[in-house]
Amino acid sequence: MSLALIFSGQGHQHAGMLPWLAPDALTQALCERLGVADWRAALADPAWARRNRNAQQLITATALAAWQQLADELPEPLGIAGYSVGELAAFGAAGVLAPTDALALAARRAELMDEASRATPGGLMGVTGLARDALLSLLRDTPLAIAISNGADRVVLGGPQRALDDFEPLAGRHGARCTRLAVDVASHTAAMQPAADGFAERLRPVRFEAPRWPLFSNTAERIWRADAAREALARQIASTVHWDDCMDQLAMRAPRCVLEIGGGQALAGLWNQRYPDIPARSADEFRTRQGLSRWVAQCCCA
């Protein structure tokens, strides 16, 4: 049986996500940290859900709670990766970080990014359908940068909001499709370097372990050691996320199926476009944990 795990990033969380997820110690800790009685009810408020500190803690805690509730029913993963803030959950699932440490770090990560954004306000925008050379040519005279690479013609740009406003019609005239993301910081760009530096300092006293299973970072490198995990987790805040390379690294492990854990289904969709012969689904699609486990067993044993 062979399974790869990918952990969702920010922007697709919703009140009905992971409908099978049972309350546990981690979701209770999440509610206490956020000062809410019910995280699902809180997510019904779009303004609350968009707030960076709320979103990053919620994504990390619910994904790790989901993995803990699934782990005994699924085969051991042959590869793990997390998308942007999803790396905290991925590192937790791989045994690099204790779940409670991952949750606390999610709060500090968001705070540092918000602080950096107040000095340099920004945002993110998805751009698809534009070849990389053409995109780089259009970006040449702008303050925008590729924050996330999801494929040859599929990226997320980060930078000042005004620059994103100006770039959208320009890209549209060249045949691109643009989608503004519900994120108020220019994640994974040089504007976040102060946050990356601050996070590196915050990580110094935290206990890190070598991963139990193959773990791939957003810098597209395999993480073998605890010190490399600590460095990679800080560096990605201000560096391009090479998710396309992460998918390629996982595909080289030859999984029979891929499971996305988190809210939304975007990563499973990206995977299925890139590797149509290796089925991927999101844990968010399933109504019951048993249904999810049956799908994995059927795929891995087919």
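**Entry 1: Terms and model**

I take a helix to be a DSSP run of H or I with at least four residues, and I number helices from the N terminus. I note at the outset that the model I am reading is predicted.

**Entry 2: A pair within one helix**

I looked first at helix 6, which covers residues 99-119 and holds both Arg 108 and Glu 111. The two residues are 3 positions apart, about one turn of the helix. Their side chains form a salt bridge, with the closest N and O atoms 3.3 Å apart. How exposed are the two partners? I found Arg 108 to be partly exposed at 27% relative accessible area, and Glu 111 to be partly exposed at 28%.

**Entry 3: A pair between two helices**

I then turned to Asp 248 and Arg 274, which form a salt bridge whose closest N and O atoms are 2.9 Å apart. Asp 248 belongs to helix 11 (residues 243-251) and Arg 274 to helix 12 (residues 266-274), so this pair ties together parts that are 26 residues apart in sequence. I recorded Asp 248 as partly exposed, because its relative accessible area of 22% is not under the 20% that marks a buried residue. Arg 274, at 33%, is partly exposed.

I also noted a network: salt bridges with shared partners join Arg 53, Arg 108, Glu 111 and Glu 115.

**Entry 4: A pair between distant parts**

Which parts of the chain does the salt bridge of Arg 50 and Asp 184 link? I first confirmed the contact, in which the side chains meet at 2.6 Å from N to O. Arg 50 lies in helix 3 (residues 46-50), whereas Asp 184 lies in the loop between strand 6 (177-180) and helix 9 (193-203). The partners are 134 residues apart, and the bridge links distant parts of the chain. I found Arg 50 partly exposed at 35% relative accessibility, and Asp 184 partly exposed at 40%. My count for the structure comes to 15 salt bridges.

**Entry 5: Strand 1**

Is strand 1 mostly covered or mostly open? I found strand 1 (residues 3-7) mostly covered, with 5 of its 5 residues buried. Leu 3, Leu 5 and Phe 7 point one way, Ala 4 and Ile 6 point the other way, and all of them are buried. I recall that side chains in a regular strand alternate between the two faces of the sheet.

I next listed the pairings of strand 1. With strand 10 (residues 257-261) strand 1 runs parallel and is joined by 5 bridges, and Phe 7 has Ile 261 as its bridge partner there. With strand 2 (residues 79-82) the pairing is parallel over 4 bridges, and Ala 4 stands opposite Gly 79.

**Entry 6: Phe 7 and the nonpolar cores**

I followed Phe 7 into the largest nonpolar core, which has 96 residues. Phe 7, Leu 97, Trp 243 and Leu 259 touch the most other members of this core. Which helix gives the most to this core? I found it to be helix 4 (residues 52-70), with 10 residues.

Leaving out residues up to four places away in sequence, I listed the contacts of Phe 7, among them Ala 63, Trp 67, Ile 80, Tyr 83, Ala 90 and Leu 267. Ile 261, the bridge partner of Phe 7 in strand 10, is also touched by Phe 7.

Apart from the largest core I found another, of 16 residues, including Leu 130, Leu 139, Ala 163 and Ala 176.

How values were computed. Residues are numbered from 1 along each chain as its sequence is written. This is a predicted model: local features need pLDDT of at least 70, side-chain atom pairs count only at pLDDT 80 or more; totals for chains, interfaces and linings use all residues. Side-chain values use heavy atoms; hydrogens and water are left out. A salt bridge is a side-chain nitrogen of Lys or Arg within 4 Å of a carboxyl oxygen of Asp or Glu. Buried means under 20% relative accessible area, exposed over 50%, partly exposed in between (1.4 Å probe, protein chains only). Two strands pair if DSSP finds at least two bridges between them. A nonpolar core is a set of buried Ala, Val, Leu, Ile, Met, Phe, Trp, Tyr and Cys residues joined through side-chain atoms within 4.5 Å. Contact means heavy atoms within 4.5 Å.
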